[in-house]
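Biologist: I am new to this structure and would like to understand how its descriptions are justified. Could you show it to me and then take my questions one at a time?

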Amino acid sequence: MSSGGSPAESDTWKELLRGLVRLELKRGCQDDAAVGGFARLALATVEGSCTRTQPIAERGVSNELRSLLVDYQFLPNRARAGRCSALLALLGDSKSPSAGSPLPAGAPPAHATPVSKLPPDSIKALLQVLEEPVSKLWGVGPRVQEIMGKLGVGSIADLLQHAPKGYLDLRYPTELSRESLGQMVLIKARLLTVTEIRRKVLLVKASVRDPGGRVLHLVWFNNKFVRSRLQTGHDYDFYGRLENSFEGAQLMQPAFEESGTPPAQLHMNRIVPVYHLTSGITQKGLRAHVWRAVGRISSATAEYLPRDVASHFKLPDLAWSYRSLHFPTDEHEAEKARSRFAFDSLFLFELRVLMRKHAEQDVPGNPFDLPTGTVERYVGVLPFVPTSSQAAAMRDIEGDVRRPRQMHRLLHGDVGSGKTAVAGYAAYAAKVAGYQSAVLSPTEILAEQTGRVLQELLAPLGLRVATLTGGMTKSQRKSILGAVATGEIDCLVGTHAILEEGVAFERLGLSVVDEQHRFGVAQRVALGTKGNVPHSLVMSATPIPRTLALTIYGDLDISELVEKPPGRFPIQTHLMSATKRDSAYAMVREQVVQGRQAFIVVPAIDPASDEGDGTASVEETMRELTEGGLKGLRIASLHGRMKSSVKQSTMDAFRLGNLDAIVATTVVEVGVDVPNASVMVIEDAERFGLATLHQLRGRVGRGSSVSHCILIQGNVTAEGTERLQVLVHSDDGFQIAEEDLKLRGPGDILGTVQHGYDVPLFGSTALLSYRDLSALPDIRKAASELLEHDPSLGAPEHADLARMLSLRYPASKPGMEDN
Ligand code: ADP
Ligand code: MG
């Protein structure tokens, strides 16, 4: 660790923070003085200053700063202004209007008083521990911190919420019998001898005697630490596989720990937590860190939830739950703790969603003045008759944009349900009312396609549509930007490039985000600031079961496209093992001969990017197919690491029929529309989620004859087959989602949602089981009642709750995937 904390250094971060606070004040305390939120960056700045060894006096200041910032994002503007002045005063800002008085009148709620002066209160103490970075734990240096980061663990709270994926019951020694052979066994025994033998490999052999007088042999290979950790005459617990050797019963490479009584013993003689790991950290290592984190929690009872909520849902105490989640004394305790955190996860999630809804509800917007018959005029130029849900969605949108409040609508519909045409209507309505619109797509390929489709739909109505992508030349870009700024262009389509500085609209009135689950909220918001509070339409095909959709998208109004446009031919889905690949590619060839085209999707880009486990990659598959199964056909590859101009020209060639097949990563997952494509082959299908597979499958079946989706299962397991069978039997995205939910538990599915939706769940999603979700309506009700009385959680009695909420949702992580 550096010596740090010198006056110069401390001045730098303070200066930074002062600037930030002043900017935030200037911008009217919207928590937007920085990307991702002012409070978040400010907190990170304070946090950063604390990791260095700091003079004691400074530490008090940091704590005070922190306590002024933790719940900032949930405060009403007035209170925020007070906080800002208090921050400036603490930072010794002479220009601050209230310099000298650290807590200006009227501003700070009770808990803004310096933490150090708080009466001893176990929940405050617990929250303070939870907020600390893991680097505060003994033994966690920069390297371990980085590894933990890969597990999503940054704070002590994250570490404690890294729930075990399971437990090992190592409370009692195994009664050895003939059945024990080949099994993992736990024995308690005294070490008799230990020897190290260096041959080609390093061999450590030991013998032990158990309390029954039985002598067992132990053996380890290539483990140079074992010898030094074993002392003859001492008692140990050994856990390993029991095998027969010519010397008698033998334990292979057992884990061991010196016998003792808990808590002295951590890895044996108890129910032991087993975690998801990442490379660089071992079970024992992680367990020890969690153990130390748990050790920081006092044994006094502590609870941040309002008392009536905790008692209504019969929740065990928080501090107890943390201890019992990781180190339970029996299975019941573990389950009780798990379900407590499942509750927290859902409750905080609902609070967050509802608070956002409240915040967005009252944003004034520009009412569109639309003459009657606007929908009819648009429908009149469509090349098809809209489905009844498309028509209903257009009416919903019309109703929204006419009101003087900002629209926040989600257009939710399975792949191929025709969302683009509805978006076209919204853009048309904007134009009629005298506004421009912006359409944000997750990938270049999709932006280019959506731009083309909207151009076709809207040009007959007199709209000028342009597409902006990252791959354009400077002059192309410049001329488009110029036309956008003067209002010559009515509808601008693009990737996140349209969020960049320098893209100015003359009069932006509507933003559309396509495939919104691919974006972070930060980006949605950035688009929002481009205009004078534009109406917002987000579109998604994430197949959330209906039972969950309302709860999860609680802050948006929803229009759902329930039926698909008529005239679709069914897609036949085939599941086969890798040994039948030849027949899969025979089918591809047959379709190509008939003039059709094929997608071949693989999980990885190149052999190096797989995990060395033989996962199919674009490069390898290309090579294999051009030399084998698809020899002589026109094939090209497509993936996110290619230059955008190459991607575009490949996609163009495919669309024009100049290619027979493309081998791609999931870059083709979202929305690519090539009606002539009739086969979708997915290699190593078991590596994808069902929702992704369903999306991929939606790429075919758009033309006028039967299409095929071939799922090749690379690694055949019974569970994998069962999961993939769901796709063979169903073509309903919602039903698939429901089945997926039952098979995988809700964590993964909510995971997809949270990815785009930016309301991540509490702790590891492994915490949640399908059963927990049945309580969601109740939980939502409780959250909503709470907010009715205290919409911003500013009341002193909700201070701890607000703090926990901002701990769980500290940042928005904008995410763009283009692999
Ligand atoms: P998604 O909802 O997946 O974005 P798209 O908007 O790409 O779906 O539409 C899929 C295809 O269906 C497009 O080729 C589109 O032209 C066509 N389509 C949309 N609505 C209708 C309709 N009402 N009747 C016939 N075809 C339609
Ligand atoms: Mg689409």
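Modeller: What follows is a short conversation about a predicted model, taking up the ligand and then a few individual residues.

Biologist: Which residues are closest to ligand 1, and how many surround it?

Modeller: Ligand 1 is surrounded by 16 residues, and the closest are Val 385, Gly 416, Lys 419, Thr 420 and Asp 673. Sorted by class, this shell has five nonpolar, six polar and five charged residues.

Biologist: What makes the approach of Val 385 to ligand 1 a polar contact?

Modeller: A backbone N or O atom of Val 385 lies 2.8 Å from a nitrogen atom of the ligand, and a pair of N or O atoms counts as a polar contact within 3.5 Å, so the pair qualifies. The same reasoning can be applied to two further residues: a polar backbone atom of Gly 416 is 2.6 Å from an oxygen atom of ligand 1, while Lys 419 places a polar side-chain atom 2.8 Å from an oxygen atom of ligand 1. Taken alone, ligand 1 exposes 570 Å², and the protein buries 81% of that. The space that ligand 1 takes is the second largest pocket.

Biologist: Why is Arg 340 called buried?

Modeller: Arg 340 has a relative accessible area of 0%, and buried means under 20%, so the residue is classed as buried. Its place is in helix H12, which covers residues 331–361, and the side chain of Arg 340 makes a polar contact of 2.8 Å with the side chain of Asp 344.

Biologist: What is the phi of Asn 222, and where does this residue lie?

Modeller: Phi of Asn 222 is near 45 degrees, which is a positive value in a residue other than glycine. Asn 222 lies in the loop between strand E4 (215–221) and helix H8 (226–229).

Biologist: How do you know whether Asn 222 is buried or exposed?

Modeller: The relative accessibility of Asn 222 is 55%, and exposed means over 50%, so the residue counts as exposed.

Biologist: Why does Asp 684 count as buried?

Modeller: Asp 684 has a relative accessibility of 11%, and the limit for buried is under 20%, so the term applies. Asp 684 lies in the loop between strand E19 (677–682) and helix H23 (690–697), and phi of Asp 684 is near 50 degrees, a positive value in a residue other than glycine.

Key. Residues are numbered from 1 along each chain as its sequence is written. Chains are lettered from A and ligands numbered from 1 in the order in which they are written. This is a predicted model: local features need pLDDT of at least 70, side-chain atom pairs count only at pLDDT 80 or more; totals for chains, interfaces and linings use all residues. Side-chain values use heavy atoms; hydrogens and water are left out. A residue is near a molecule or strand if one of its heavy atoms lies within 4 Å of it. A polar contact is a pair of N or O atoms within 3.5 Å; within protein, one must be able to donate a hydrogen and the other to accept it, and residues adjacent in sequence count only if both atoms are side-chain atoms. Accessible areas come from the Shrake-Rupley method with a 1.4 Å probe; for residues, only the protein chains shown count as cover. On a 1 Å grid over the protein atoms alone, a cavity is a set of points where a 1.4 Å probe fits but cannot get out, and a pocket is an open set with protein on both sides within 12 Å along at least five of seven lines; lining residues have an atom within 4 Å of a point. A molecule sits in a cavity or pocket if more than half of its atoms lie within 2 Å of its grid points. Ala, Val, Leu, Ile, Met, Phe, Trp, Tyr, Cys and Pro count as nonpolar, Asp, Glu, Lys and Arg as charged, and the others, Gly among them, as polar. Helices (H or I, at least four residues) and strands (E, at least two) are DSSP runs, numbered from the N terminus. Buried means under 20% relative accessible area, exposed over 50%, partly exposed in between (1.4 Å probe, protein chains only).
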